[in-house]
Every structure is written in C-alpha cells, then in structure tokens.
Amino acid sequence: MTAESYADAVDLVARSAAAYVAGVPADPADEGLFGPASVTWRVNTDPGAPIAGLTALMVQALHPLAMAGVDQHSAWRQDPVGRLAATSQYVTTISFGERAVAERAASVVRRIHEHVRGVDSVTGQPYAASDPALLLWVHAALIDSAITACRLFGTPLSPGDADRYTAEMVVAAELVGVPAGMVPASYGALQQYMTSVRPELRCTPAARESMSYLLEPPGLGPDIAEIWQDVRDGAVAALPGWARELYGYQAPELTPARQTEIRQALGVLDAVFLGEPGVLEARQRITLRMRSAARS
Amino acid sequence: MSKLRRPSRKTVAGLAAAAVVAGVLARRRRAGGRLRLERGLVAVRLALRGGVRYASNAPRLFAAAGAAREQLRNDLALQTAEDVAATLGAMKGVMMKIGQMASYVDDGLSPSVRRTLSRLQDSVPPMSPELAAGVVEAELGLPPERAFAQWDPVPIAAASIGQVHRAITHDGRAVAVKVQYPGIAETMTADLDNVALLRRMLRIIAPNQDVEALVAELRERIGEELDYRREARSQRRMAAYYDGHPTIHVPKIIDELSARRVVTSELSDGARFHELAGWSQEERDLAAETIYRFVFRSLYEIRAFNGDPHPGNYLFHGGGRVTFLDFGLVKHFTETELQPLVHMVRDLCVANDPEAFRRSMEAAGFLVPGAPLSTDVIIDHMAVFYETVRRPGTLTITEDYASKVVRRFFDLRSPVAAYASIPRSYVILQRINLGMFALLGQLTATANWRAIAEEIWPFVLGPPSTPMGRAEAAWLANRPTALMLAWIETGQPADA
C-alpha cells in the first residue's frame, strides 16, 4: 500500500461527507420536493442507504447503453471518488434540498446529459444520456435497490410505504427528463418494468471493470478494506438474482448472523462518516425536521 | 479509521478550535451556575492526550442555539428503543466505550480517531422523559413519579449507557437515579459477539496495544457495565468499607430502588474537578491525599480497583473531603492476583532487593523469565512507576511526571519493551495508574507519598504520617474489618 493510495481513501470519506453536508440546507425556504413527512426522507436516512447506493450502481451498470455513457464520457477513471461524490451530492440535494436548488441541480444534470451521446462499442447501438428510456432505467434501479437494502439491512418498508416511495420518486425521474407517464408509480409496476428491461441487460467489460473498482476500491487501508468486504457482500446480497447471475457473482449466504455483521460494519462506517465536519449537524437538521413534521 | 487519514495541519487547527470552544464553554459554565448548564449539556468527555488532559465539548448545534438549546435537546431526544438502537447500536455504543478505554490506555489517539470518537459522543442526545420513565417502570414496577416522592424528568448528566436523574425518595432522601437506555444491553451484547470486527476496530484505534487482551477486557468490562446490579454491589461494598471515613465518602446505594437497568444512590453535591484550579494549593494537596489514600486503601484492603479515574467521578467538599462516584468499572482482584503487586513494591521500595523485584515481575508475568537484560536496565525502566514511593520525603507530582509515566508505559523503544507484557487481569491497573497520576499532576500535589503508602502497605502498616492519617487511624480502630464486612454481605469468608 503506497502513501498515495491512502490519499485516495481519505478522499472517499471526506468528499462523500462534504457532498452530503452540501446537500442538506441549514435554513431552507421550503420543504423541498418531498418534505420531512415523506417516505423518501425515511429511506434516505435508513442505515441501509449506503448499500442501496452501491447496489443501484451495480444494477444500473448492467444496461450496456447506460454504462457506455458513463464509460466514454465521464472521467471516473481519473477521479472515481469525485464521480461518486457528485452522484451522491445530487441524490442528497434532490431529496433534502429546497425546491429551487433541486431544480437547478437537475437542470445542470440535463445540460451535461445533452453532450453525452455516442455509439456503444459492445452492442454497436447509438445512445444518448438524455434518452428517457435510459434515464428511467437508472431511476428504477435506484428505487428497487433502496427498497431491498432497507429490507435486508435497515428497517423494512411496509408494502404501502414501498408503493408510496415509488410514487413519490416519480418527480425525481421527471426532473431529469422522463415523462411522468413512463414512470412506474407503484412497487408492482416497478417490478414489471424491471422484468421488461431484462432482455436488454448484459455485463459488458466496462461494467465489469467499473464494478470491480467499486467492490474493491484500491487504496483503502487494510483494516477499512476488511470492513468494506462486509459492505460489499451486503451490496451483492441486495442484487436481484438475475443481476448476480449476469455478473457471475456467487450469492453470499445471508444468515441472520451475517446480516447482523453487515449492519455492524455499516455502523462503523457511519461512525467514521459522522466524524467528518458538518455531518452530525446535517443529520440533526434532518431529524429535527422529520420530528417536527411527525408532530404536526 | 485512523489509517484512512494522515494527520494534517487542518485537523490540528480543528482541534485547536475545539479547545477554544471548550474553553469558552467552561467560562460560561462558571458564570451561569453549574447546575443549570449541566442540565443544558450532555456531558461530553474528550480525553485530549492519553488521559493526561481532559476537555469538555458540546455539539456545535447546541452551542450555537443559545437560549433555544434546551428546546433543541428535547426535540432531538431519544424517544423510542428504535432511536436508541439507531444511535448506539451497530457498534456505535461499543466504539464509544473503546474510545473511553483507549483514552486511558494509549499514549494519544490519532487526531482523526479522536475526532470520530468525540463526534460519536456528541451524537447521543438524552432520552425523552417518557422513554426514561418507561425503563424505571419496567425495572421498579412503578412509574417514577410513584416510585419516588419527587422525580425530575430532566436528566442532570449523561452516563455512557444511560443518564442520571435527580429524585426524592418517599422517606425524604435526595437521590441520583441512573437509568439505562432501553435495548442497549441486547444490542451491545450482539455487537460484542462480533469479535472479528472488534479486533479490527481496536487495531485501528489503539495500534500500540495487545489487541487480544483489549478485546477480552472490553467484552468483560462492558458485559459487567450493562448490569447495574454489579455496579450496585461494588458501590455497596465500597460504601460499607468507607462508612464513617473522615474524608472519603461513597454514596450509599438504595437497594429497594435499584435493579438491572436502574441504580439509585444518595445524591451528592460538591465542587467539580475543574473548579479545584481556583482553590488554594493546601486544599488541592488535601484532595490529592484523599484520592491517593482511596486508591491504595481500596486496592490493599478490599482488593478493589476503580478502573474509571475520570475527573468527572469526584466531588470535592474542602478540607480534603472527596465523594467518589461511578463504580461501573470496578475490578476485584483475588488474593493470588494481588500478591505479586505487593511483592514488587516491597522488593523494590522496602527490601531494596533488585533481584527479588525482577523475580517477582517474572512470577507475575510482567517480564519474560530469563530475558537477556541486566537487572539494572529493568530497574531503570520500572523505577519511574515507583518514583513517588521509592524514597522517603515529600515530593510534588507534576503534569510532566504524569506524562513521563504515560510515555514510559508505552515506550516501545525501551530495551525492556520486547520482554515486558501486561497479564490480562492487570490491564485495568494501567488505567488507574495513569489516570490517578494525571489527576494528581494537574493538582501539582505535594505530599510525603512514601509515608502515606507505608501507612497502607500491609507489609509495613506504618504509623499515621499526616493529620488525615491520624483521623483515618481513629476511624480504622473503630470499625469492623473489610473481611468481616464481605462475610456479612456474601454470607461467606472473602476467599472461600
């Protein structure tokens, strides 16, 4: 392990934390797109949320055209941590930020997407990041992964809440340019949609490469790397079976004891995250707003 | 954790800023009256350097909120057992205890670990009045306002796995009631079962330590702390032994109002450790003498050692009178465990026999037998720990001396280090040793420590050497022996 590879890992925690803090407003003018009483806030504060993010990336990468866009246009190889931090800042801003700030963030993303187009070298198909079909896939993968991660490593959503969450999040898909009519608004519709896309999915070399990075980020200190193994096993366990098959991953045996271990590893990571400047205060702001909403 | 980050200028600046904030808070506390502000703050303890210096800190959100702070605390309060699990479960409570332990046993945590652990402390708000009341009712069979004549629903202090409320009993006694977080025992027990993860965390937090010994120690100590009945037993024993002592006071346990997750003891009031800074040196010396007598009398007479020498665990009343609080980390030694320690101090300080001292160290497991080291080198290494009692005469314990003890303890470059180790049952000793010297160093306490020690050493039992010693001798002459007390309490002779 070189000193430089440590520097990478420093960034992973510090930059995700900074992104998170930036996304949670101190004195918001409005309740944002969802509001503190929403299921969306509850899902985003669930202990399983980090696994939801990882699993979502792994599912999203299985669409060759979505993956090609990331692979050919983003600088993820040069700055993987920055790419992850930008994504998580976007999700945080959309979830907790003021309405106007969320809309501005989405318009930036839409503008970037305008330039992301090309031909996928694996399938030979042309793609455009602004294609509603691709955006919908990315959206649906996140919702589905979040619901599974809550079930396995956090507090499971009731069937009604899973429906509500899916319906609430329609607006997030609209923000990046998916017509509302295309977006599943219930958990059942979401599952149907996921099944319908399955024939288009495959594990391209780009997907395999980027996911190996994610599952074993180079430069993590040996001790954190061990804790990361638990988190990674959690993310693989939260994948739908077909996605695991496409990647060729073994299904990790998820005994109750193993589930507990993964939750504990998430707790340790969370404690490290809490040590970053501003994270505790941002959490407390969210808790206060959720409690105040629950009282009224 | 620590390995993720190398200490940077920025972290150092951040710590300096935290120290300034802590300083400001401490001044405000004096200006605003202790009780009111202690109510307003969750007592957050941050050992700044290897247990040598301490500072208090508070979540910036609370500090910034000013008058609204009380309201904020209420709004963030833990309302359900699920809130407790979210805040202290998934290893977080265990990590806090590791932090507490590491601050005593390691010579300085890395800045990033220290920051993580202190933020973790900050992240725990008090229980809501309803949640705390629920625990009291479950344990005592009555809601607090019926179990007690009066019950203050606002906690006065945070404990590591609970919080402290004031109350008045039906027979009119003012009491402190420690209430455990609901569900914490279950979640921490499950977390302690994940030994592999504990090992990893300890390797990061305390890289200079014997990790296996620490894991075992941590599991044992937390396991004990989760059952308040054990703490009540230790405190009852201490209170019984020191009953009537001229300067040492241990609050009595109220048995009928204590259970597994609730422990009720007499309420004490007095000056806090940080207030001693403004007292005369004479007063500080007397307080130090009492602490010293308490530590060694407890060890030699009742073979008990309080492993939590935190400055927050003392109340000072002037004239050397000290109230000792918090017996959650008391270690009871067997006669066999205690003997080698007695032999070592006798060999080195009284018999002045270095070879015998070396043999005693080997017998206790502190030193590999037959290590290729001259006895002079070993004595040279160990002497610092006995400096206060090796020769007659008065001596001032300074902060420099306290740091020297800490540094020597963890000096891995010493030729002795490779052959030295600390058997598990003695791990806790370093905590009180380092902690007590840190306290006495901050008091710049002067005394004839050797003469006081001789009063207590069972192989000397010297005459009283100070006015306090004379008062203690009078007390000793008029009380049943510790052995008898233990017999009465347990129904068995102490070593049966």
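Select chain A to begin: for its 296 residues, a compact globule would have a radius of gyration near 19 Å, and chain A, with 18 Å, agrees with that. Keep in mind throughout the tour that this is a predicted model. If you turn chain A along its principal axes, its C-alpha atoms fill a box of roughly 55 × 50 × 35 Å.

Colour chain A by secondary structure next, and you should find 15 helices and 2 strands. Of the 296 residues in this chain, 52% count as buried, and among the contacts between residues at least 6 apart in sequence, 78% join residues at least 24 apart. With the surface of chain A switched on, about 12,500 Å² is exposed, of which carbon and sulfur atoms supply 57%. Colouring by charge then brings out 23 positive and 32 negative side chains, two sets whose centres lie 4 Å apart.

Now hide chain A and select chain B, where there are 22 helices and 14 strands. Buried residues account for 56% of the 496 residues of chain B, while 71% of the contacts between residues at least 6 apart in sequence join residues at least 24 apart. The surface exposed by chain B comes to about 20,000 Å², with 54% of it supplied by carbon and sulfur atoms.

The first stop inside chain B is His165(B), which you can find in strand β5, residues 162-168. Is His165(B) buried or exposed? Its relative accessibility is 1%, and because buried means under 20%, His165(B) counts as buried. Show side chains here, and you can trace a polar contact of 3.0 Å between those of His165(B) and Gln163(B). Looking beyond the neighbours within four places in sequence, you will see that His165(B) is in contact with several other residues, among them Trp151(B), Asp152(B), Pro153(B), Val175(B) and Val177(B).

Move on to helix α16 of chain B, residues 354-364, where the buried residues include Phe357(B), Arg358(B), Met361(B) and Glu362(B). What covers the buried residues of this helix? Select residues 335-350 and 375-382 of chain B, and you will have α15 and α17, which are both included in that cover. Just after α16(B) comes Gly365(B), and its phi is positive, near 90 degrees.

Helix α17 of chain B also holds His381(B), a convenient residue to select next. At 10% relative accessibility, His381(B) counts as buried. Apart from neighbours within four places in sequence, the residues in contact with His381(B) are Arg408(B), Ser414(B) and Val416(B).

End the tour at Glu455(B), which lies in helix α20, residues 449-456 of chain B. Glu455(B) has a relative accessibility of 7% and therefore counts as buried. Which side chain does a polar contact of 2.7 Å join to that of Glu455(B)? The partner is Ser465(B), so display both side chains together to see the pair. Then add Arg293(B), whose C-alpha atom is 9.4 Å from that of Glu455(B), although 162 residues separate the two in sequence. Glu455(B) touches Arg293(B), and, when residues up to four places away in sequence are not counted, the other residues it touches include Arg297(B), Leu461(B), Gly462(B), Thr466(B) and Glu472(B).

Definitions and conventions
Residues are numbered from 1 along each chain as its sequence is written. Chains are lettered from A and ligands numbered from 1 in the order in which they are written. This is a predicted model: local features need pLDDT of at least 70, side-chain atom pairs count only at pLDDT 80 or more; totals for chains, interfaces and linings use all residues. Side-chain values use heavy atoms; hydrogens and water are left out. Helices (H or I, at least four residues) and strands (E, at least two) are DSSP runs, numbered from the N terminus. Buried means under 20% relative accessible area, exposed over 50%, partly exposed in between (1.4 Å probe, protein chains only). A polar contact is a pair of N or O atoms within 3.5 Å; within protein, one must be able to donate a hydrogen and the other to accept it, and residues adjacent in sequence count only if both atoms are side-chain atoms. Contact means heavy atoms within 4.5 Å. The radius of gyration is taken over C-alpha atoms; the globule rule is 2.2 Å times the number of residues to the power 0.38. Accessible areas come from the Shrake-Rupley method with a 1.4 Å probe; for residues, only the protein chains shown count as cover. Lys and Arg count as positive and Asp and Glu as negative; His and the chain ends are not counted. The place of a charge is taken as NZ of Lys, CZ of Arg, CG of Asp or CD of Glu.
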